[in-house]
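Colleague: Got a minute to walk me through this model? I'd like the pockets, the cavities and the ring contacts.

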Amino acid sequence: EWKQVKQEARSQVKAKPTPTTGEPPQALYSKMKPMGTMKDQLLLMSSASSSYREEYACRPCGSRRAMRKKKRRSGQESEHLSHRLKPAASFLCALLILSACACVSRAADSRARQQQQQRQHSRQNARTNLSPGNHTRNAAVLVSSSRYWHNYRHVSNVLSLYNVLKTGGKFTDDNIILMIADDIPCDGRNPHKNGIFPEYARTGTGNSVYNADVEIDYRGTDVTVENFLRVLVGRHEEGETPSRMLDLTPDTNLVVFLTGHGGESFFEFQDGEELMTQDITDAFQQMNRIERYKEILFIADTCQAFTLNPTDPKVLPDIGALPNVMTVASSLQGQNSYAHHSDPEIGQSVVDRYTYNFVENLKNLAMRQPDSQVDMSSALWRSMEQISVKTAWVDALPRKKLGADVGWTDKGCTRPMRNIPLSDFLCDMEHRNFAAAAASPTLGGDDFILHSNCDDDSSEASSCVDSE
C-alpha cells in the first residue's frame with residue numbers, strides 16, 4: 001500500500017506539472033493518505049514482508065526449513081523410541097554381565113577343584129607305602145632301533161635314560177647293554193661333532209648326552225632282533241665278547257627300554273626287520289623259566305607302543321605264565337608318539353615327549369633336594385627313592401603333555417606299580433649305601449611335583465608334530 005501511494009503521488013506530479021508561480025511540491029504530499037503512527041507503519045511493513053516471503057520465497061531456503069522441521073520431529077520420535085528401548089537394553093547388558101561373571105566363576109571353581117585334586121593326589125603319594133624290593137642286582141637293556149640323521153631324537157631318547165642310570169642310579173656299564181646305530185655323532189650334517197643334545201644345543205648351554213663315557217655294546221648293523229633276543233635269554237654265539245652279555249640272576253630287577261619306529265604289535269629295527277609282540281612275550285617266558293629276573297619293567301616309546309605289551313591276553317592267555325612283568329608305553333593303539341621340540345641349528349627333532357618329560361620331571365624333583373647344588377647324583381638317587389614307578393612313568397605324563405595316552409599294566413605282579421619306588425629299577429642296589437649318609441626325609445604334601453589325574457581321560461590332545 002505504501003508503494004502504491006508513492007506511485008500515485010509521482011504520477012500526479014508528472015501529470016500536472018507544477019507551475020512556477022503555483023503551489024510548492026510539498027503541498028502535494030500533504031494531500032496523501034495519512035500513514036498513522038510509526039508503530040502502524042512497522043506493523044504494515046512486517047505484514048507485507050511476511051506475505052512476500054510466503055509468495056516469493058526461494059526453494060533452497062524453504063527446503064532447509066522443511067528439513068529442520070523434519071529433524072525436530074524425527075529427534076522427538078527417536079527420543080521417544082530410545083525411552084522405549086532403554087529398559088530392554090539395560091536388561092540385555094545385565095544379562096551379558098551376569099553370564100560373563102558366571103563363566104569366570106566356573107573357570108575359577110574348575111581351577112580350584114583341579115588344585116585341590118592335585119594336593120589330595122600329592123598327599124596320597126606322600127602317604128603311599130613305597131616298599132623297596134629285596135632284589136640284590138639291577139640291569140638294563142636300552143635299545144634305539146633307528147639309524148640315519150632324521151632319527152636323531154631316538155638316539156637322544158635312549159642316551160638320556162642311559163645318563164640317568166649312570167649319574168643318578170650309579171649303574172656301571174657291566175650292567176647295561178646299549179644298542180644304538182652310532183651314526184649320528186659323526187654325521188656330516190651334525191653341527192656338534194661327537195655330541196648329541198636333547199636341548200639347548202644352539203645356545204651352547206646344553207649338555208651332550210653322548211661323550212667319552214658312553215660305552216656302546218651293539219652298534220651299526222649289530223642292532224638286530226636276533227641280538228636283542230640273545231641278550232635277554234642269555235644264549236649267545238660261541239666266542240661272544242663278555243661285555244656284550246648280561247649276567248642276570250633270580251634276584252635281578254631288569255629295565256628294558258625300546259625307542260624307535262613301531263606300529264600295531266611290531267617294532268622296527270633299522271627299517272630292515274621287525275620285532276613282534278609275540279617275540280617279546282616268548283623271550284620273557286624263557287627268562288622266567290630259566291630264572292633270569294625277579295621283576296621286569298618294560299618301557300616302549302614309539303607309535304602304538306602299548307600294543308607291544310607282552311602280557312596282552314591276545315598273546316598270553318595265561319597271565320600266570322609271565323609273572324612280575326610290568327609295562328608302560330607312550331601311546332595306545334591307534335595313537336602316535338610325538339617329538340617334543342626341534343633345534344633350528346640341527347634341523348631335526350631332537351627328543352621325544354615321553355622320554356624328555358620323564359627326565360625333566362625327575363631333574364626338577366631332584367632340584368628340591370637340600371644338597372642338589374652340591375651333589376646332583378645323590379639328589380637324583382633320593383628322588384627316585386621317594387617316588388613310585390607309576391607316578392614317574394604314568395601319572396606325571398598326562399595326555400596334554402604327550403598328545404597321546406600312556407598305557408600301563410601291572411597284572412600278574414606281586415607288587416603294584418604305585419607301591420614300587422622308582423629306585424628299584426633305576427638305581428643299582430650294589431650301591432645302595434651311596435646316598436645313605438645324606439638321606440633326607442621323604443618329600444610330602446605340596447613338595448611333590450610329579451602328579452596329575454591322567455587316569456581320567458579328560459585332557460584334550462594337543463596339536464603336535466608326528467614323530468614318524
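Modeller: Sure. One term before the cavities: Ala, Val, Leu, Ile, Met, Phe, Trp, Tyr, Cys and Pro count as nonpolar, Asp, Glu, Lys and Arg as charged, and the others, Gly among them, as polar. Also keep in mind that this is a predicted model.

Colleague: Noted. With those classes, how does the lining of the largest cavity divide?

Modeller: It has 1 nonpolar, 5 polar and 3 charged residues. The lining is made of Ser145, Ser146, Arg147, Tyr148, Asn151, His261, Glu268, Gln270 and Asp271. By the class rule, Tyr148 counts as nonpolar because Tyr is on the nonpolar list. Arg147, Glu268 and Asp271 count as charged because Arg, Glu and Asp are on the charged list.

Colleague: How much space lies in the largest cavity?

Modeller: About 50 Å³.

Colleague: And how many cavities of 30 Å³ or more does the structure hold?

Modeller: There are 2. The second largest has a volume of about 40 Å³. Its lining consists of Ser330, Asn336, Ser337, Tyr338, Arg353, Tyr354, Leu402 and Ala404. That splits into 4 nonpolar, 3 polar and 1 charged.

Colleague: OK, pockets now. What volume does the largest pocket have?

Modeller: About 530 Å³. Its lining has 22 residues. Asn163, Asn207, Val209, Val359 and Lys363 lie nearest the centre.

Colleague: Which helix gives the most to that lining?

Modeller: α8, with 6 residues. That helix covers 353-367. α5 (152-167) and α9 (376-385) also supply at least two residues each.

Colleague: And how does the pocket lining split by class?

Modeller: 9 nonpolar, 10 polar and 3 charged.

Colleague: Switching to rings. How many aromatic pairs does a search of the whole structure find?

Modeller: The search finds 6. One of them is Phe284 with Phe298, an edge-to-face pair. The centres are 6.0 Å apart, with 80° between the planes.

Colleague: Where do those two sit in the chain?

Modeller: Phe284 is in helix α7 (residues 277-289) and Phe298 in strand β8 (residues 295-301). The two are 14 residues apart, and the pair links distant parts of the chain.

Colleague: Are they buried or exposed?

Modeller: Phe284 counts as buried because its relative accessibility is 0%. Phe298 is at 1%, so it counts as buried too. The cut-off for buried is under 20%.

Colleague: What about Phe358 and Trp393: how is that pair arranged?

Modeller: Phe358 and Trp393 are stacked, 3.7 Å centre to centre, with 10° between the planes. Phe358 lies in helix α8 and Trp393 in helix α10 (residues 389-395), so the pair ties together parts that are 35 residues apart in sequence. Both Phe358 and Trp393 are buried.

Colleague: Which residues form an aromatic cluster?

Modeller: Phe228, Phe267 and Phe269 form one.

Colleague: Last topic, the whole fold. How many helices and strands are there in the protein?

Modeller: 12 helices and 12 strands. Of the 468 residues, 43% count as buried. Among contacts with a separation of 6 or more, residues 24 or more positions apart account for 78%.

Colleague: And the surface: how much does the protein expose?

Modeller: About 25200 Å². Carbon and sulfur atoms supply 51% of that area.

Colleague: Great, that covers my list.

Methods
Residues numbered from 1 in each chain as written. Predicted model: local features only at pLDDT ≥ 70, side-chain atom pairs only at ≥ 80, totals over all residues. Heavy atoms only, no water. Helix = DSSP H or I, 4+ residues; strand = E, 2+ residues; numbered from the N terminus. Buried < 20%, exposed > 50% of the residue type's maximum accessible area, 1.4 Å probe, protein only. Contact = heavy atoms within 4.5 Å. Areas by Shrake-Rupley, 256 points an atom, 1.4 Å probe, with all protein chains shown as cover. 1 Å grid on protein atoms, 1.4 Å probe; cavity = no way out; pocket = protein on both sides within 12 Å on 5 of 7 lines; lining within 4 Å. Points joined across faces, edges and corners; volume = space filled by probe spheres on them. Phe/Tyr/Trp six-rings, centres within 6.5 Å; stacked < 30°, edge-to-face > 60°.
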